[in-house]
Amino acid sequence: MEFFLEVLTGGLLAGLMYSLVAIGFVLIYKASGVFNFAQGSMVLFSALTFVSLLERGVPFWVSFAVTLLTMIALAWAIERVVLRPLVNRPPITLFMATLGLSYIIEGVAQAMWGAQVHGLELGISDAPLEIGGMLLSQFDLFSAATAGILVLFLSLLFNKTRIGISLRAVADDQLAALAVGIKLQRIWMIVWAVAGFVGLVAGLLWGARLGVQFSLSLVVLKALPVLIIGGFTSIGGAIVGGLIIGASEKLAEVYLGPIIGGGIENWFPYVLALLFLLVRPAGIFGERAIERV
Amino acid sequence: MLSIIKKPSALIGALTLGLSLLSGTVQAANEQYFPLQSYRVGPYAAGGTGFFGGFIDYLQYVNLKEGGVNGVKFTWSECETEYVVEKGVECYERLKKGLNGAPAAATNPLSVGIAYATLDRSATDKLPLITINHGRTDSTDGSVFPYVFPLQLNPYSEVSAIINYIGDKSGGLDKLKGKKIVTLFHGSPYGKETNPILELLAKKYGFQVTLIEVPHPGNEQQSQWLNIRRIKPDWVILRGWGVMNPVALKTAQKTGFPADHIIGNIWSNSEEDAAPAGAAAKGFISITTHPSGTNFPVLQDIDKTVLKAGKGNLQDSKRFGTVYYNLGVVNGILNVEAVRVAQAKFGKRPLTGEEVRWGFENIKLDDARLKQLGAYGLVQPLKLSCSDHEGGGAVRFQQWDGKQWKVISDWVQADRKLLRPIIEESSHKYAKEKGITPRDCSKES
């Protein structure tokens, strides 16, 4: 039982790490209906920029601020160069644009900062804590707390600020939002900048765990089933989806893996996501699309 | 055209152009070409830039220091593969015919996938395929794979040497009985290749082996390490690749497994594998065929002749002397030595791939020759032949001290006598499938 609980807790904590990446997708999808395939590249780009500045002797918080400004500049450039010319185009066009964007950001990141793998220490110990006979990672607990704070911050932003109300209006109905004078382009830029900030936080935590390297962009593969289960439009859903995916993949690997050959952790979440798609296509917290026919 | 010739200055110009073209042709005709299927972008760029940086710097060094080999200078060109097999094959086809008249000596893709995809083509094109420290284990049998060279170390030798080291640490191979060893392997054909040999060795020496797979890319390993904690092994062999390695070390720390009982294989042994894991990597052991560091005459000479002259290939000069860079230099030494050996037989001129193959098969690097090359201690003694395309099969062990690798053992030899029949069984099966008649190596000279 103790072992089961340890696997379960480890899975839940890992799931929150997936949620951190998934939240970036949700933000952009909510505001523009675009599935931003470039979110993983943004995670890589932000972490690589941060660590490269740090290695050049720039203090931690200055590196953080400069990277954040870089991500805001990137958001501005994306809105101007990619999104604005594609307004009113079908979602698949915008998706393909983000697909291309993903490769461009990855290429630029390596061209700017090189292909070297970087270690990143955030000063958080990764020594295990023994709680009730279980070993829990201090770093994972810190990441879980960060995810919680991020959700709280985004909830306040969305629900209690003028910008947040505008964001929700755009998410509900872009044409109606335009009709009442909300500037769509400005909102998009803000959303991409916030997604960049989320990408930076995710990049630092994942970078500290994996090392800052190209594989960081692959963490999006873990976020996709989270989004399918939690729903593409709910930040809370990203958290719940992450918890479900994290816990189930770990339990499956430990208990089902030996029976069916092991190494199932990568595809098992997609099996689960597929089942959810069949039963609840919008995910647990996703908004069901209602169309007049 | 006629009007041009009527003008004396134009005539001189045309003659000069013709002469320069002619001299260009002469120059190219006295060059030996290395086609480089390199990867400098993409997920494996850290390895690619280090390896190809070292390889190119060594070729450059031989050109600058000795004017090439017997007056034949080396030339090369790169084709970016991004470690993608299709691109690797495309690059192979584009570069195999040589450059400006300089014939190709050998291909060195440093990629298991690309090596497998170009293996048959190499035999058809009679162009050696060098898979230093990796590749198909059965290609060690040169009678079936005349053009493939898993130089220094094939995958089976790797694990055999690791088990020999663990046996040594336990007080002898007979003390392995009852020990528990877990192998954490990358979920790919590369990762799985040595599993049957581990099971064979477990049966032979009486230890218990548990094989645990980590799905690619390996950025999440909590469940695997919790399983390892439950098994409580004496040693963990890490057969990783890329991001899987630092994550394994970090997760081991989280689950309380000591790093100094984890032994990394040949693709878990670089600075890029250990450094990102920070403090969790301290004490981590791995095998190596070539120590890192710059304390070898050949490297000091490369520094003086190439790097300090501003002709180095590395974008970041701090990587000089790292594991991947030194592997590139070792690869350069072996390729150049093959050309040198082949020139002694075929003449001091650019050689065909077939001739260079003969050179590889006749490499004999003993301590005296290694000292001449300034590579004593950097390269293991090697003796290749028609039937043995590996040549060495020995490794040294190194330990990460938190900042760099420190060599902690002498050469540890794989049990090659035990492995040879298994290799031959596999190579002969391949020969039968492909309709290849193995060469009679007793008739090769």
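**Notebook: domains of chain B, Phe284(B), and the contact with chain A**

I started with the domain assignment of chain B, which splits it into domain 1 (26–153 + 292–383 + 422–443) and domain 2 (156–288 + 398–414). Note to self: this is a predicted model.

Next I checked the spacing: the C-alpha centres of domain 1 and domain 2 of chain B are 28 Å apart. I then looked up the contact between them and found 14 residues of domain 1 of chain B against 15 residues of domain 2 of chain B. On the domain 1 side, helix 13 (323–346) and helix 16 (416–434) of chain B each give at least two residues. I sorted that side of domain 1 by class and got 9 nonpolar, 5 polar and no charged residues.

Then I went to Phe284(B), buried or exposed? I get buried, because 30 other C-beta atoms lie within 10 Å and the cut-off is 20 or more. Phe284(B) is in the loop that runs between helix 11 (271–274) and strand 9 (285–288) of chain B. Leaving out residues up to four places away in sequence, I have Phe284(B) touching Leu249(B), Ala259(B), Ile262(B), Gly264(B), Ala274(B), Gln399(B) and Trp400(B). I also took one C-alpha to C-alpha distance: Val336(B) is 34 Å from Phe284(B) in space and 52 residues away in sequence.

Last, the chain contact: 36 residues come from chain B and 34 residues from chain A. For chain B, I noted that helix 3 (45–66), strand 6 (208–214), helix 9 (222–231) and helix 10 (244–254) each supply at least two residues. By class, I have 15 nonpolar, 13 polar and 8 charged residues on the side of chain B that touches chain A.

How values were computed. Residues are numbered from 1 along each chain as its sequence is written. Chains are lettered from A and ligands numbered from 1 in the order in which they are written. This is a predicted model: local features need pLDDT of at least 70, side-chain atom pairs count only at pLDDT 80 or more; totals for chains, interfaces and linings use all residues. Domain bounds come from an automatic or database domain assignment. Two residues are in contact if their C-beta atoms, placed from the backbone, lie within 7 Å. Helices (H or I, at least four residues) and strands (E, at least two) are DSSP runs, numbered from the N terminus. Ala, Val, Leu, Ile, Met, Phe, Trp, Tyr, Cys and Pro count as nonpolar, Asp, Glu, Lys and Arg as charged, and the others, Gly among them, as polar. A residue is buried if 20 or more other C-beta atoms lie within 10 Å of its own, exposed if 12 or fewer, and partly exposed in between; C-beta atoms are placed from the backbone.
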